[in-house]
Amino acid sequence: MSLTLVFGLYVFFLAAFTGYQVISKVPHLLHTPLMAFTNAISGISLVGSLLAAGGHYGTVSTALGAVAVLAATINVVGGFLITDRMLRMFKKKGGAR
């Protein structure tokens, strides 16, 4: 294994562990704003994947960009649906909208 691959895997696992620790410590009251923020980040990745797919850099980059567009779109739409569902849980039943 090359040193670059080992370093990349180290950074990946460290980031995954740190991310899990940070998210697991978030109070339940802050989950909805956190989801809205991650939806915004997913929207930025969607724009980047659109640029990669339509940049005409080559066949492989266009195909990978198209896959990234699909994955980012699913992530953004799913995130907004979950956020909407969470916000509806806080509304009073039968109250004013």
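The legends below describe views of a predicted model. Local features need pLDDT (the predictor's confidence in each residue, from 0 to 100) of at least 70, side-chain atom pairs count only at pLDDT 80 or more, and totals for chains, interfaces and linings use all residues. Residues are numbered from 1 along each chain as its sequence is written, and side-chain values use heavy atoms, without hydrogens and water.

**View 1. The protein chain has 3 helices and 0 strands.** Helices (H or I, at least four residues) and strands (E, at least two) are DSSP runs, numbered from the N terminus. The radius of gyration, taken over C-alpha atoms, is 18 Å, well over the 13 Å that the globule rule (2.2 Å times the number of residues to the power 0.38) gives for 97 residues, so the chain is more spread out than a compact globule. Its C-alpha atoms fill a box of roughly 60 × 35 × 15 Å along the principal axes.

**View 2. Helix 3 covers residues 59–89.** Its 31 residues reach 45 Å from first C-alpha to last, close to the 45 Å expected (1.5 Å times one less than the number of residues). Gly65, Val69, Ala72, Val76, Gly79, Thr83 and Met86 are buried in this helix (under 20% relative accessible area; exposed is over 50%, partly exposed in between; 1.4 Å probe, protein chains only). In an α-helix, with 3.6 residues a turn, residues three or four places apart point the same way.

**View 3. Phe12 and Phe13 form an edge-to-face aromatic pair.** Their ring centres lie 5.4 Å apart, with 70° between the planes. Rings of Phe, Tyr and Trp (its six-membered ring) pair if their centres lie within 6.5 Å; planes under 30 degrees apart count as stacked, over 60 as edge-to-face and the rest as tilted. Phe12 counts as exposed because its relative accessibility is 53%, and Phe13 because its value is 54%.
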